[in-house]
Number of protein chains: 2
Amino acid sequence: MSLRHAVLGLLSESPASGYDLMKLFNASLTSVWPATQSQVYGELNKLTTAGLVEVAAHGPRGRKEYAITDDGLAELRHWLTEVAPTGPQRHDGLLRVFFLGILTPLEAQSYLLTQAETAARAHTAYEQIDRTAEWDDEMISVYGRIALEYGLRMSTTMEEWARWAADEVTSAKARKAGELARAQRGRERPEQDEQPAGERHSGD
Amino acid sequence: MSLRHAVLGLLSESPASGYDLMKLFNASLTSVWPATQSQVYGELNKLTTAGLVEVAAHGPRGRKEYAITDDGLAELRHWLTEVAPTGPQRHDGLLRVFFLGILTPLEAQSYLLTQAETAARAHTAYEQIDRTAEWDDEMISVYGRIALEYGLRMSTTMEEWARWAADEVTSAKARKAGELARAQRGRERPEQDEQPAGERHSGD
DNA sequence: CTTATCATGTAATCCGTTACATGATTGC
DNA sequence: GCAATCATGTAACGGATTACATGATAAG
């Protein structure tokens with residue numbers, strides 16, 4: 001139910017039209033709560049019916065400027081203080097990690113290093129925003145800066161983790177090669193030292 | 001479209017029934033790709049129609065044991081190697097941060113410190129898993145360990161960030177109080193005692 | 001024989017995505 | 001006049017959530 005609260009939150013800063021809100025979503029909330037135009041207009045109508053926002057002014061081209069109501073502000077406060085956040089839920093990049101075992105170690109490493117680069121690029125983008133934005137001492141921007149810092153720290157951790165993980169794959173490969181060598185020495189029917197591409201791991 | 005790939009991924013490790021898969025989802029994939037029972041059973045039927053999995057055996061109580069097909073494995077490999085991950089998209093905990101300005105600084109701090117505690121508890125839970133799980137040297141568990149490390153590192157970063165953020169709120173409050181005092185005195189008198197614990201790292 | 005577990009499914013509803021449709025006003 | 005921008009909406013589709021429905025079998 002958080003699209004509703006994202007809209008209420010933006011309107012708590014200043015009145016805006018659906019069109020304005022879309023710009024705000026794309027400018028500042030893309031990475032935490034993306035929304036499409038359909039969604040925003042639909043939600044504004046629902047919020048109006050529920051009495052949490054109201055049309056404060058009509059402008060040219062059928063523009064409707066929405067403002068948050070007292071009920072809306074109460075709902076926003078309630079959400080901020082009483083409703084427990086759930087945290088990020090789905091992460092398809094990490095989901096893939098669980099299944100990297102079906103790839104060759106080299107392919108798996110390549111995947112992890114790509115992840116590292118993606119994180120590094122994200123970090124650079126956040127730094128860019130940090131430099132570009134004017135961080136005046138207003139309360140509003142204190143929290144904007146805090147959210148940005150989250151992005152900066154998370155992308156750093158992500159990159160470090162991915163590089164470490166790629167390295168772990170190397171170590172594991174080495175360990176496995178060692179085991180194979182030992183097994184070869186111990187038995188009479190040695191196998192090839194490289195596994196082609198179709199090796200299954202059903203022997204557990 | 002990643003539910004499909006989560007199911008394929010689990011079936012690539014061993015054949016399983018829908019019931020088994022649900023246990024696996026709840027045991028190991030809850031935090032990266034949660035799925036409900038309806039979804040899993042529905043997806044298995046779709047996957048069977050698409051020829052990516054097949055019913056390998058029938059058991060008691062109408063149990064259907066599914067196995068991944070060659071086409072399914074090819075699809076899984078394709079997804080792992082060719083399809084770019086999108087990363088986590090929605091984060092309602094961070095979304096709230098953007099709107100903490102409508103709360104009092106104390107309420108905002110309380111929110112951030114609760115986030116820190118949640119992260120700390122998550123970290124402890126991951127450590128518990130780390131200690132409990134048997135990390136044999138199989139390839140499968142290499143990647144399980146890597147995914148767990150992600151959780152460990154991210155929860156640490158999250159906790160540190162939240163504590164830092166709570167601190168920032170204090171500094172901002174202090175700055176604002178300072179401004180008010182200066183405005184009251186009505187004269188210019190620059191002071192240098194502020195900024196208690198605010199170590200910056202993106203040196204500007 | 002009764003309960004817990006195993007096992008599969010359907011229906012309703014909501015949320016999110018993509019695409020389509022339409023029109024008013026401003027600036028050149 | 002024409003293009004860019006401003007501005008709002010609807011329709012179709014698929015994914016996710018919740019609730020409901022049903023029954024078989026193993027264990028006590």
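Trainee: Let's start at the DNA. How far is a polar side-chain atom of A:Gln39 from a phosphate oxygen of DNA strand C?

Mentor: The gap is 2.6 Å in this model, which is a predicted one. Chain B reaches the phosphates too: an N or O atom in the side chain of B:Arg90 sits 2.8 Å from a phosphate oxygen of DNA strand C. Then there's B:Gly18, where a polar backbone atom is 3.4 Å from a phosphate oxygen of that strand.

Trainee: Which elements give two or more residues to the surface near DNA strand C?

Mentor: In chain A it's helix H3 (37-50), and in chain B it's H2 and helix H3 (37-50). H3(B) gives the most, with four residues.

Trainee: And which residues come nearest to DNA strand C?

Mentor: There are 20 residues around the strand, and the nearest are A:Ser38, A:Gln39, B:Tyr19, B:Gln37 and B:Tyr41. Sorted by class, the surface near DNA strand C has five nonpolar, nine polar and six charged residues.

Trainee: What part of the DNA does the protein approach, sugar and phosphate or bases?

Mentor: Look at the atoms of DNA strand C within 4 Å of the protein: 65% belong to sugar or phosphate, and the rest belong to bases.

Trainee: Okay, on to the two protein chains. How do I read the size of an interface?

Mentor: People often give it as the accessible area lost when the parts come together. Here chain B and chain A bury about 7,300 Å² between them, with 69% of that on carbon and sulfur atoms. On the chain B side, B:Arg90, B:Phe99 and B:Tyr143 lose the most area to chain A, together 10% of what that side buries.

Trainee: How many residues of each chain are in contact?

Mentor: 73 residues of chain B touch 72 residues of chain A.

Trainee: How many salt bridges does the rule find across the interface?

Mentor: Two. One salt bridge you can look up pairs A:Arg77 with B:Glu107, where the closest N and O atoms are 2.8 Å apart. As for polar contacts, 17 residue pairs between chain B and chain A make them. Several helices of chain B supply at least two residues each to the side that touches chain A, including helix H1 (2-13), helix H6 (105-132) and helix H7 (139-185). H7(B) gives the most, with 24 residues. By class, that side of chain B divides into 39 nonpolar, 17 polar and 17 charged residues.

Trainee: Can we zoom in on one residue? Is A:Arg96 buried or exposed?

Mentor: A:Arg96 counts as buried because its relative accessible area is 0%, and the cut-off for buried is under 20%. You'll find A:Arg96 in helix H5 (residues 92-98) of chain A.

Trainee: What is A:Arg96 in contact with, leaving aside its neighbours within four places in sequence?

Mentor: In chain A there's A:Tyr111, and from chain B come B:Trp79, B:Leu80, B:Val83, B:Ala84 and B:Pro85. With B:Trp79, a polar atom of the side chain of A:Arg96 lies 3.4 Å from the backbone oxygen.

Trainee: Last one: how many helices and strands are there in chain A?

Mentor: Seven helices and two strands. Reading from the N terminus, the order is α-α-α-β-β-α-α-α-α. Chain A has 204 residues, and 40% of them count as buried. For the fold, take contacts in chain A between residues at least 6 apart in sequence: 51% of these join residues at least 24 apart.

Technical notes. Residues numbered from 1 in each chain as written. Chains lettered and ligands numbered in written order. Predicted model: local features only at pLDDT ≥ 70, side-chain atom pairs only at ≥ 80, totals over all residues. Heavy atoms only, no water. Contact = heavy atoms within 4.5 Å. Buried area = accessible area lost by both parts, 1.4 Å probe. Salt bridge = Lys/Arg side-chain N within 4 Å of Asp/Glu carboxyl O. Polar contact = N/O pair within 3.5 Å; in protein donor to acceptor, adjacent residues only side chain to side chain. Nonpolar A, V, L, I, M, F, W, Y, C, P; charged D, E, K, R; others polar. Near = heavy atom within 4 Å. Buried < 20%, exposed > 50% of the residue type's maximum accessible area, 1.4 Å probe, protein only.
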